[in-house]
Amino acid sequence: MGKRILLHVCCGPCSTSSIERLLSEGYEPVLFFSDSNIFPYEEFVKRYENLLKVAEHYNLPVILDEWKHDEWLEAVRGHEGDREHGERCSICFHFNLGKAAAKARELGIDEFTTTLTVSRFKKSSAIFQEGKDYSGFAEIDFKKKDGFNRSIVLSRELGLYRQSWCGCEFSRRGV
Ligand code: SF4
């Protein structure tokens with residue numbers, strides 16, 4: 001049996017190559033879908049259902065966290081108009097990683113990490129910066145080892161829905 005790690009998952013497509021890499025490195029991932037940033041709720045459900053396909057494929061457990069969009073909006077208050085990759089996104093990473101840290105602690109899992117680093121649209125260093133505030137955060141850069149391209153290939157193979165915007169209502173402008 002590998003070492004358990006809680007994997008915060010932002011969406012099904014990003015989870016694919018992250019899971020593949022963790023498995024290849026001997027980990028046993030427990031998937032955690034905690035993404036109160038996603039808006040509207042129907043989109044949150046759609047992305048979760050997509051993740052279920054991935055979990056079934058790899059035969060891994062999934063934990064669904066409650067959608068607390070109001071709490072998330074409170075956290076980013078005053079940053080609604082920030083450009084993408086700015087302060088709002090750092091707060092958003094911090095928010096979701098905080099939920100993952102708490103869940104890992106609750107489950108007695110020593111390490112946790114996030115699929116957020118797969119995206120070529122997100123700086124891994126900015127995500128790592130927020131993760132530093134939580135003990136047990138594993139700085140794994142899933143973009144490395146061709147992770148982003150691999151996620152596209154695997155998503156196609158699994159017939160996954162790939163969204164065209166990051167997640168929150170502020171990232172959806174113009175989509
Ligand atoms: S653009 Fe993405 S990372 Fe930034 S605040 Fe919105 S959902 Fe979070």
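**Chat about the ligand shell and the strands**

Colleague: Hi! How do the residues of the shell around the ligand divide into nonpolar, polar and charged?

Modeller: Nonpolar residues number 6, with 2 polar and 2 charged ones beside them. Keep in mind that this is a predicted model.

Colleague: Sure. Which residues are around the ligand, then?

Modeller: Going along the chain, they are Asn37, Trp72, Glu84, Arg88, Cys89, Cys92, Phe93, Cys166, Cys168 and Ser171.

Colleague: And which helix gives the most to that shell?

Modeller: That would be helix α4, residues 87-107, which supplies 4 residues.

Colleague: Where does the ligand sit?

Modeller: In the largest pocket.

Colleague: Let me pick on Phe93 for a moment. Is Phe93 buried or exposed, and why?

Modeller: Phe93 has a relative accessibility of 7%, so it counts as buried, the cut-off being under 20%. Its place is in helix α4, and it is one of the residues around the ligand.

Colleague: How far apart are Phe93 and Phe112 in space?

Modeller: Their C-alpha atoms are 14 Å apart, with the two positions 19 residues apart in sequence terms.

Colleague: What about Trp67, where does that one lie?

Modeller: Trp67 is in the loop between β3 (62-64) and α3 (69-75). Its relative accessible area is 24%, so Trp67 is partly exposed. Its C-alpha is separated by 22 Å from that of Phe137, a residue 70 positions away along the chain.

Colleague: Changing topic to the strands. In which sense do β1 and β2 pair, parallel or antiparallel?

Modeller: Parallel: strand β1 (residues 3-8) and strand β2 (residues 27-33) are joined over 6 bridges. Among the facing residues, Leu6 stands opposite Val30, and Arg4 stands opposite Glu28.

Colleague: What hand does the β-α-β unit of β1, α1 and β2 have?

Modeller: Right-handed, with helix α1 covering residues 12-24.

Colleague: Which residue in β4 is the bridge partner of His8?

Modeller: Thr114 is the partner of His8. Strand β4 takes in residues 111-114, and β1 pairs with it in the parallel sense over 4 bridges.

Colleague: OK, and on the β3 side, how many bridges join β2 to β3?

Modeller: There are 3 bridges, and these two strands run parallel. One bridge partner of note is Val62 in β3, which goes with Leu31. The chain gets from β2 to β3 through α2, in a right-handed β-α-β crossover.

Colleague: How many of the residues of β2 are buried?

Modeller: 6 of 7, so β2 is mostly covered.

Colleague: Last topic, backbone oddities. Which peptide bond is cis?

Modeller: The bond from Phe39 to Pro40 is cis, with omega near -5 degrees. Pro40 lies in the loop between β2 and α2 (41-58).

Colleague: I'd also like to check positive phi. What is phi of Asn59?

Modeller: About 55 degrees, a positive value although Asn59 is not a glycine. Asn59 has its place in the loop between α2 and β3.

Colleague: Is Asn59 buried or exposed, and why?

Modeller: Exposed, because its relative accessibility is 70% and the cut-off for exposed is over 50%.

Colleague: And where is Asp146 found?

Modeller: Asp146 is in the loop between α5 (124-131) and α6 (147-158). Phi of Asp146 is near 65 degrees, again positive in a residue other than glycine. With a relative accessible area of 47%, Asp146 is partly exposed.

Colleague: Great, thanks!

Conventions
Residues numbered from 1 in each chain as written. Predicted model: local features only at pLDDT ≥ 70, side-chain atom pairs only at ≥ 80, totals over all residues. Heavy atoms only, no water. Pairing = 2+ DSSP bridges. Right-handed = clockwise from strand over helix to strand, strands pointing away. Near = heavy atom within 4 Å. 1 Å grid on protein atoms, 1.4 Å probe; cavity = no way out; pocket = protein on both sides within 12 Å on 5 of 7 lines; lining within 4 Å. Sits in = over half its atoms within 2 Å of the grid points. Nonpolar A, V, L, I, M, F, W, Y, C, P; charged D, E, K, R; others polar. Buried < 20%, exposed > 50% of the residue type's maximum accessible area, 1.4 Å probe, protein only.
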